[in-house]
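Biologist: I have a model open and would like to learn how to read it. Can we go through it one feature at a time?

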Amino acid sequence: MLLDLVLWFSLMSLLSIGGISSIMPEFQRVVVETNHWVTPAEFTQLFAVSQAAPGPNVLISSLIGWHVAGMLGAVVALLAMTLPASVLAWYVSGVWDRFKDAPWRATIQRALLPVTVGLVLAGGYVLGTPGGLEWRNALIMGASAATMFATRLNPLWILAAGGLLGCLLF
């Protein structure tokens, strides 16, 4: 079980361009559908707890590791999720700085931006629809997105309104 955590989380660590939010659909697929470590509802709950706790988004990996194999699983999952990407970033940063004026560098940065945005949006969809897309969660997501784009309202108010609406509808 620990070896599975190391292998899967290390692989996802290397794919996480833009942070863990960018790989959330794949993360959910591996954790819920492939390995059956948690249910879709448990995954959403663990994600909510990891977001409520102070610290980085990657805390969800330690919560899943804890769920799978206790304290050792939490430590192994967190290290597997952070070390490979950290080592790769350290090596790549040297090359990246060396070519700071190269035209291909700017092209790569521009190309990665829409990829990262798309992956983050896909992650939001996965987290917003743990039991599948239905009218209630579509209404909450749509209203929240429309409010974010149309107003300068603090996102915490939108989050609170979405939580209240979720309590009323579900």
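Modeller: Start with charge. This is a predicted model. The protein chain carries 7 positive and 7 negative charges, and their mean positions lie 15 Å apart.

Biologist: Which atoms supply the exposed surface, and what share comes from carbon and sulfur?

Modeller: About 10,500 Å² of the protein chain is exposed. Carbon and sulfur atoms account for 72% of that area.

Biologist: What share of the residues counts as buried?

Modeller: Here a residue is buried if its relative accessible area is under 20%. Of the 170 residues in the protein chain, 26% meet that mark.

Biologist: How many helices and strands are there?

Modeller: The protein chain has 7 helices and 0 strands. Read from the N terminus, the order is α-α-α-α-α-α-α. Along the principal axes, the C-alpha atoms fill a box of roughly 55 × 40 × 25 Å.

Biologist: What share of the contacts joins residues 24 or more positions apart?

Modeller: Take the contacts with a separation of 6 or more. In the protein chain, 55% of these link residues at least 24 positions apart.

Biologist: Now the backbone. What sign does phi usually have?

Modeller: Most residues other than glycine have a negative phi. His-36 has a positive one, near 55°.

Biologist: Where does His-36 sit, and is His-36 buried or exposed?

Modeller: His-36 belongs to the loop between helix 2 (24-34) and helix 3 (40-52). With a relative accessible area of 62%, His-36 is exposed. The cut-off for exposed is over 50%, so His-36 qualifies.

Terms used. Residues numbered from 1 in each chain as written. Predicted model: local features only at pLDDT ≥ 70, side-chain atom pairs only at ≥ 80, totals over all residues. Heavy atoms only, no water. Helix = DSSP H or I, 4+ residues; strand = E, 2+ residues; numbered from the N terminus. Buried < 20%, exposed > 50% of the residue type's maximum accessible area, 1.4 Å probe, protein only. Contact = heavy atoms within 4.5 Å. Areas by Shrake-Rupley, 256 points an atom, 1.4 Å probe, with all protein chains shown as cover. Lys, Arg positive; Asp, Glu negative; His and termini not counted. Charge placed at Lys NZ, Arg CZ, Asp CG, Glu CD.
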